[in-house]
Each structure stands twice: as C-alpha cells, then as structure tokens.
Amino acid sequence: MHLVPGGVFMMGSSAFYPEEAPRRKVRVASFWMDETPVTNAQFAAFVEATGYRTYAQIPPDPRDYPGMDPALAVAGSLVFTMTDRPVDLGDPSQWWRWVAGACWRHPLGPESDIADILDHPVVHVTHQDAAAFAAWAGKRLPTEAEFEFAARGGLADCEYAWGDELTPGGRHMANTWQGMFPFANTAADGWVRTSPVRAFPPNGYGIHDMIGNVWEICEDWWSLPGDARPRRKSACCAIDNPRGGFRAKSHDPAEPTAKIPRKVIKGGSHLCAPSYCQRYRPAARHPQSIDSSTSHIGFRCVRDAD
C-alpha cells in the first residue's frame with residue numbers, strides 16, 4: 001500500500017459528462033491505498049483461505065426477479081464481446097453477452113481460466129464480493145472522493161491523471177480502447193482486454209492503474225449532482241470526504257419496478273474509447289448495480305492512515 005497524503009482538491013469536471021459536475025472543493029484525510037487493483041492471484045488466496053463464492057458463482061433466485069424463467073436461473077456473468085460491424089452505441093446489449101459459467105476463475109466463460117493472467121485484475125466481482133475481500137484483508141473500499149483524489153496523483157486542474165493530454169508524446173499511459181468502439185480495437189497500447197496491473201506507469205503517489213484496465217468499485221451509493229447526502233463543510237468551505245447518496249435513491253429510474261441499488265465505480269476501463277466512453281479520467285464516474293458483475297469491473301482497497 002502507498003500513503004496518500006490528505007488535502008483539499010477540486011472534485012469533478014465540467015468538461016465531459018453532466019454527472020461529473022459541478023466541480024466542488026473537497027477535503028480528504030490521509031489514507032493508505034493498494035498499489036494496484038486486487039489481482040487474480042490475491043483473490044485466489046482469499047478464496048482458498050475462506051471458501052468464498054462470488055455472486056456470479058451462485059445461481060440467482062427467481063423469487064428475487066419477478067417474471068424470470070426458472071430455466072434461466074443459472075450462475076454466470078456479463079462478458080464483453082466485440083461486434084463485427086458498427087452498431088447503435090445507445091444499446092449496450094450489442095456488445096455485452098451474458099455467459100453461463102463466467103466468473104472470476106473463468107473470465108471469458110467456462111472454457112477459460114486465469115492461469116496465465118494471475119497478475120491481471122480480478123473481474124466478475126460485485127460490491128458484496130469486493131467488501132468481503134476487504135474485510136478479510138483488514139481494509140475497506142475507498143469512497144469516491146478518496147479514489148478521485150488518489151487518481152489525480154497530486155496534480156491539480158488536469159483532466160487526466162498524468163496531465164492534459166491523453167497520450168503525451170504518443171505514449172499510452174493507461175489500458176484503454178484505441179479505434180472505433182465496439183468493433184475495431186487496434187490495441188496500440190499493447191492490450192485488447194485486461195493487462196498486468198503494473199503494465200503502465202504509476203501516478204504521482206506511486207499507484208498503478210487508477211485509470212483504465214478495469215473500473216473499480218467504491219463504497220458510495222450512486223447519486224446525481226444535488227442528490228448526494230449533505231456533508232459538513234470545513235472552515236475553508238471544503239466538503240469533508242463526501243459519502244455519496246442514499247441506497248434507496250441509487251436505483252435506475254429507467255427501471256422503476258426493479259429498484260436495484262447501485263454503487264459508484266471509478267477510473268474507466270480497457271473499453272473506454274474516444275469514440276464512445278471518455279471516462280479514462282479521475283473525475284469520471286458511473287453507476288453499477290450491486291447484483292451485476294462484468295468482465296471489466298474490479299476493485300482495490302484502502303485503509304485509514306490512523
């Protein structure tokens with residue numbers, strides 16, 4: 001773990017997506033953060049020690065999903081599948097495929113394994129899985145503010161974790177998508193899917209993969225600007241380490257009957273592209289349902305400095 005010295009920073013961005021605004025002054029205390037996302041090898045050690053089964057490894061209960069065909073109640077997870085042509089970018093079902101048997105041990109489906117990618121981030125985990133690992137390790141998940149502060153690496157007023165250019169001097173600083181999403185990835189950065197957790201340079205705090213590779217789960221419930229729970233302001237008018245929104249209000253309003261709570265994920269992933277999802281930035285954020293796992297979401301842990 002690396003010590004992230006606390007301080008005040010401008011959280012958010014007004015230059016990209018509306019859910020990142022407004023920029024606001026936020027204060028976080030010092031904390032320790034894992035140098036990398038939790039890897040397959042680390043998660044395997046946790047499972048060996050505890051016998052833990054992830055959400056994706058347990059068949060869903062049809063009673064929890066009214067109208068569900070019981071025949072579909074089998075364990076699995078969502079796997080990214082590149083299309084063979086341009087598709088409607090407003091329809092993620094074009095490139096996400098639910099695969100029976102996909103889980104952290106079998107990231108692309110039951111015929112795949114992690115033997116050759118033990119130093120890649122673990123994927124197909126939910127908030128529940130990440131929190132269980134953190135508790136076992138004597139740590140916790142970061143707040144959204146802590147993650148963004150750490151991702152900035154000590155830089156102020158920069159859109160990216162390394163400055164204001166996505167690829168300074170033509171150098172790729174994170175594992176992202178190059179080409180037209182979701183059908184043409186040139187892999188100019190060297191990777192099509194996940195990459196080893198130290199494949200790209202660390203930021204100013206010595207921390208790797210805060211941007212790209214995999215999205216990372218935070219502790220905060222999802223909220224939109226103005227909906228977050230109120231937090232105390234310090235004497236300098238900075239908000240002390242905000243904790244996001246409320247569980248009851250975090251569900252997707254487009255699915256009023258489901259009302260599945262959602263957590264914040266940060267950092268973007270190897271699927272973020274200039275042509276689609278420009279979320280390879282510290283300020284970027286996205287909601288993730290607590291009952292869903294995918295092939296591009298992982299996590300890391302933090303610990304209080306005191």
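This report looks at the overall fold of a predicted model and then at two of its residues.

## Ground rules

Because the model is predicted, local features need pLDDT of at least 70 and side-chain atom pairs count only at pLDDT 80 or more, while totals for chains, interfaces and linings use all residues. Residues are numbered from 1 along each chain as its sequence is written, and side-chain values use heavy atoms, with hydrogens and water left out.

## The whole chain

You're looking at 3 helices and 12 strands; these are DSSP runs numbered from the N terminus, with helices being H or I of at least four residues and strands E of at least two. Along the principal axes, the C-alpha atoms fill a box of roughly 60 × 45 × 40 Å.

Of the 306 residues, 48% are buried (under 20% relative accessible area, 1.4 Å probe, protein chains only).

## Phe133

Phe133 sits in helix α2, residues 127-136, and is buried, with a relative accessible area of 6%. Setting aside residues up to four places away in sequence, Phe133 touches Val38, Gln42, Phe43, Phe46, Phe299 and Cys301 (contact means heavy atoms within 4.5 Å).

## Arg285

Now for a charged residue: Arg285 is in strand β10, residues 285-289, and is buried too, at 5% relative accessible area. Its side chain makes a polar contact with the side chain of Glu144 at 2.6 Å (a pair of N or O atoms within 3.5 Å; within protein, one must be able to donate a hydrogen and the other to accept it, and residues adjacent in sequence count only if both atoms are side-chain atoms). The Arg285 side chain also reaches the backbone oxygen of Ser223 at 3.0 Å.

Note on methods: Buried < 20%, exposed > 50% of the residue type's maximum accessible area, 1.4 Å probe, protein only.
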